Amino acid sequence: MQFFKQFATFVTCISVVLAYVAQDVHVSFPSTKRKTSIMIGRVGPEPEKDDIASTSVKVDNPNEVIQVSFAIDSSDKPFQNFLLVGLPSSNLEMTFEPEIRDNGKLSMYKYKVDLGTLDSALLQQASKSSESIKATLILASSTAKPKDNLFKEILQLDLDFDIDHTDSSFVDKFSVKPEIHHVFHAEPKRVARPIALLFVAIIFLTVLSLIVTWLNSCAATFDSFPSGTNALYLLGFVVTIVGFEVIFVRYYLGTNIFETLFSSLYLGAPGLLASTKFLRSFGQTI
């Protein structure tokens, strides 16, 4: 019987060693020199054995800096180490990360909570509900058993200063938002007007340059003007060039691509035949 008692005690000690335990937890106030520190002591994950209640601190300075410090075993550091400060019942909490300094077999953790940086929504809700702001310590790892992770409230902050309720951040965050209306504009059916005018100008300049080139090279003169059937071929050649220029101008001014393709097909077939006939006969005369 004595053996089983000793064995049970040994197993309990091992489980306590494997659990995350914050040693020498104490609260200090670096921004207020005359304010004495508060020793909380050991904080472990076992609620039935830990008789340490949450410590209450009265705060009368809106810019107070509260520092929570403790030590844990360096060989078993938790992956998650946070201090949640806020109102859990109202789902208003802020996360603070620690400064970690290794000191031999122990690692020193230090959290600094500046009340001046707390969200105005949290402060307004605490003042409105007369509820204490709670500080919850979290030391946990995914590889540890759930019972070995530490999730415990260690501190309560009783605010004893006036809070500005004119700040509308609380109302803006939690009031009913106006309904969002969005109008999806249809895709433009034509290219932008400056781009269209630019390409139209390029087309006209190209046609003008072609005519000037013909006149300067004496390729187009009244003496060499064809007659008979060749005159019809010349007319078809000119109509083809002018027609394609008109089609491209209309396309750049907004005509859809399908109408442009059909117009090009209708003009291209006879225009190609007439232009080929004219260029063959014209090539024999120059």
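How many salt bridges does the structure hold? The count is five, and three of them are described below, with the residues on each side. Please keep in mind that this is a predicted model. The chain has six helices and ten strands, and this briefing walks through its overall make-up, one strand with its partners, the salt bridges, and a stretch towards the later residues.

**The chain as a whole**

- Of the chain's 286 residues, 33% count as buried.
- The chain exposes about 19300 Å², and carbon and sulfur atoms supply 62% of that area.
- Taking contacts between residues at least 6 apart in sequence, 70% join residues at least 24 apart.

**Strand β8 and its partners**

- Strand β8 spans residues 106-114, and it pairs with strand β4 (residues 65-73) as well as with strand β7 (residues 99-103).
- In a regular strand, side chains alternate between the two faces of the sheet.
- β8 has a covered face made of Ser-107, Tyr-109, Tyr-111 and Val-113, while Leu-106, Met-108, Lys-110, Lys-112 and Asp-114 make up its uncovered face.
- The pairing of β4 with β8 is antiparallel and uses nine bridges; within it, Val-65 stands opposite Asp-114, a residue of the uncovered face of β8.
- β7 also runs antiparallel to β8, here with five bridges, and Glu-99 has Lys-110 of β8 as its bridge partner.
- A hairpin links β7 and β8, with two residues between the strands; Gly-104, in the turn, has a positive phi of about 70°.

**Salt bridges, pair by pair**

- Side chains of opposite charge can pair when their charged atoms come close.
- Glu-64 and Lys-35 meet through their side chains in a salt bridge, at 3.7 Å from N to O.
- Glu-64 sits in the loop between β3 (55-59) and β4, and Lys-35 in the loop between β1 (22-28) and β2 (38-43), so this pair ties together parts that are 29 residues apart in sequence.
- Is Glu-64 buried or exposed? Its relative accessible area is 1%, so Glu-64 counts as buried, whereas Lys-35 is partly exposed at 26%.
- Lys-134 forms a salt bridge with Glu-131, and their closest N and O atoms are 3.5 Å apart.
- With a relative accessible area of 18%, Lys-134 is buried, because the cut-off for buried is under 20%; Glu-131, at 23%, counts as partly exposed.
- Arg-250 pairs with Glu-259 in a salt bridge whose closest N and O atoms are 3.2 Å apart.
- Arg-250 counts as partly exposed at 36% relative accessibility, and Glu-259 is likewise partly exposed at 36%.

**Annotated spans and the nonpolar patch**

- An unreviewed UniProt entry places the feature "transmembrane region" at residues 195-219 and 231-253.
- In the model, residues 231-253 are 96% helix and 0% strand, and the end C-alpha atoms of this span lie 33 Å apart.
- A nonpolar patch on the surface is formed by Tyr-251, Ile-257, Phe-258, Leu-261, Phe-262, Leu-265 and Tyr-266, which together have about 790 Å² of accessible area.
- Which helix gives the most to the nonpolar patch? Helix α6 (residues 257-283) does, with six residues.
- Ile-257, one of the patch residues, lies in helix α6 and is partly exposed, with a relative accessible area of 38%.

Methods:
Residues are numbered from 1 along each chain as its sequence is written. This is a predicted model: local features need pLDDT of at least 70, side-chain atom pairs count only at pLDDT 80 or more; totals for chains, interfaces and linings use all residues. Side-chain values use heavy atoms; hydrogens and water are left out. Buried means under 20% relative accessible area, exposed over 50%, partly exposed in between (1.4 Å probe, protein chains only). Helices (H or I, at least four residues) and strands (E, at least two) are DSSP runs, numbered from the N terminus. Two strands pair if DSSP finds at least two bridges between them. UniProt positions are given in the numbering used here, feature names are shortened, and annotations may be inferred rather than shown by experiment. Patches are made of residues with over 30% relative accessible area and no salt bridge: like charges are joined within 9 Å, nonpolar side chains (Val, Leu, Ile, Met, Phe, Trp, Tyr) within 5 Å. Accessible areas come from the Shrake-Rupley method with a 1.4 Å probe; for residues, only the protein chains shown count as cover. A salt bridge is a side-chain nitrogen of Lys or Arg within 4 Å of a carboxyl oxygen of Asp or Glu. Contact means heavy atoms within 4.5 Å.
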